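Biologist: I should like to understand the terms used for this protein and the reasons behind each of them. Would you take me through them one by one?

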Amino acid sequence: MAETRTAREAATAGETPAPKRARDRIFEAADELFYRQGIRAVGVDAIAKEAGVAKISLYRAFPSKDDLIVAYLDDRNADYWQRWDRAFAKHEGDPRAQLRAMMEYLADRTTAPDYRGCPFTNDAVEFPEPNHPGRRVAEANKRELRRRMLLLAEALGAPDPKTLADGLVLLVEGAYAICQTLRGRDGPGHAIVWAAEALVEAQLGRGGATPGRS
């Protein structure tokens, strides 16, 4: 069986890499335009033009714009959890270090000059309709975030893991939101690392006290 060569291997060998399929060009164009300009603001004509294909080719690959939206969000969702898993794998068995690694990643990510917010949060704002297929992907991402935070809070030994988990979710969502207005490395996003530690200490460091409860 012939061995398939990657584009990187072909370039290293001085060969011309195979051209991208139309579907891949369409997806890459949509991914960039949706994230930078907003999903509702970008029409299929703009995506087809950016991809260098006829609109009929776009509809052959993606029967509707909603199909393209779901593909975009599904791909972003898979990448999000792969990054989470890689960060956690480096600190296997140490939930405190896992939490810090994730918050440090988010602090760096959300304060990057080119960061335009969480694609799932952005999608949920653009599509308030509960039955929109893109919104369902966004909501599933947030439910999974909450579930994982609960598992992490339980691993930390929090007396009230649900409250701690929800507090951490609120911190994450706050970092996503604030980057839309107070951008850049000087913004408040870096405080998420300290704030997460403070929430953990509120339960673990003071005998399990929960803010707002007597």
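**Helix packing and salt bridges**

Modeller: Let us begin with a contact between two helices: in α8, Lys 142, Leu 145, Arg 146, Met 149, Leu 150, Ala 153 and Glu 154 meet Pro 161, Lys 162, Leu 164, Ala 165, Asp 166, Leu 168, Val 169, Val 172, Glu 173 and Tyr 176 of α9. By class, this contact of α8 with α9 has 11 nonpolar, no polar and six charged residues. Please keep in mind that the model is a predicted one.

Biologist: Why are α8 and α9 called oblique to each other?

Modeller: Their axes cross at roughly 130° and come within 8 Å. Angles of 65 to 115 degrees count as roughly perpendicular and those over 145 as roughly antiparallel. The angle of roughly 130° falls in neither range, and α8 and α9 are therefore oblique. As for handedness, α8 passes α9 in a right-handed crossing.

Biologist: What makes α7 oblique to α8?

Modeller: Helix α7 (residues 119–126) and helix α8 (residues 133–155) pack at an angle of about 135°, with their axes 9 Å apart. An angle over 145 would count as roughly antiparallel, and this one does not reach that cut-off, so α7 is oblique to α8. The crossing of α7 and α8 is left-handed.

Biologist: Which residues of α7 and α8 meet?

Modeller: Phe 120, Thr 121, Asp 123 and Ala 124 are the residues in α7, and they meet Gly 134, Arg 135, Ala 138, Asn 141 and Lys 142 in α8. Sorted by class, the contact has three nonpolar, three polar and three charged residues.

Biologist: Why is α6 called roughly antiparallel to α10?

Modeller: The two helices pack at an angle of about 150°, and their axes are 8 Å apart. Since angles over 145 degrees count as roughly antiparallel, α6 is roughly antiparallel to α10. In this contact, Arg 96, Leu 99, Arg 100, Met 103, Glu 104, Leu 106 and Ala 107 of α6 meet Ile 192, Val 193, Ala 196, Glu 197, Val 200, Glu 201 and Leu 204 of α10. The classes come to nine nonpolar, no polar and five charged residues.

Biologist: Why does Ala 196 count as buried?

Modeller: Ala 196 has 1% relative accessibility. Buried means under 20%, so Ala 196 meets the condition. Ala 196 lies in helix α10. Leaving aside neighbours within four places in sequence, Ala 196 is in contact with Leu 99, Met 103, Leu 168 and Leu 171. The C-alpha atoms of Ala 196 and Leu 171 are separated by 7.4 Å, although these residues are 25 apart along the chain.

Biologist: How do you know that Glu 197 forms a salt bridge with Arg 100?

Modeller: The closest N and O atoms of Glu 197 and Arg 100 are 3.6 Å apart. The cut-off for a salt bridge is 4 Å, so the pair qualifies. Glu 197 in helix α10 (residues 191–204) and Arg 100 in helix α6 (residues 95–110) are 97 residues apart, and the pair links distant parts of the chain. Both also belong to a network of salt bridges that links Arg 96, Arg 100, Glu 104, Glu 197 and Glu 201.

Biologist: What makes Glu 197 and Arg 100 partly exposed?

Modeller: Glu 197 has a relative accessible area of 21%, and Arg 100 has 38% relative accessibility. Buried means under 20% and exposed means over 50%, so values in between count as partly exposed.

Biologist: How do you know that Arg 76 forms a salt bridge with Asp 31?

Modeller: The closest N and O atoms of Arg 76 and Asp 31 are 3.1 Å apart, and a salt bridge requires a distance within 4 Å. Arg 76 in helix α5 (residues 65–89) and Asp 31 in helix α2 (residues 22–37) are 45 residues apart. Both residues of this pair are buried. In total, the structure holds 18 salt bridges.

Biologist: How many helices and strands does the protein have?

Modeller: The secondary structure comes to 10 helices and zero strands. Buried residues make up 40% of the 214 residues in the protein.

Notes: Residues numbered from 1 in each chain as written. Predicted model: local features only at pLDDT ≥ 70, side-chain atom pairs only at ≥ 80, totals over all residues. Heavy atoms only, no water. Axes fitted to C-alpha atoms, helices over the stretch in contact; angles between N-to-C directions. Helix = DSSP H or I, 4+ residues; strand = E, 2+ residues; numbered from the N terminus. Parallel < 35°, antiparallel > 145°, perpendicular 65-115°, else oblique. Left-handed = near helix turned anticlockwise from the far one by under 90°. Contact = heavy atoms within 4.5 Å. Nonpolar A, V, L, I, M, F, W, Y, C, P; charged D, E, K, R; others polar. Salt bridge = Lys/Arg side-chain N within 4 Å of Asp/Glu carboxyl O. Buried < 20%, exposed > 50% of the residue type's maximum accessible area, 1.4 Å probe, protein only.
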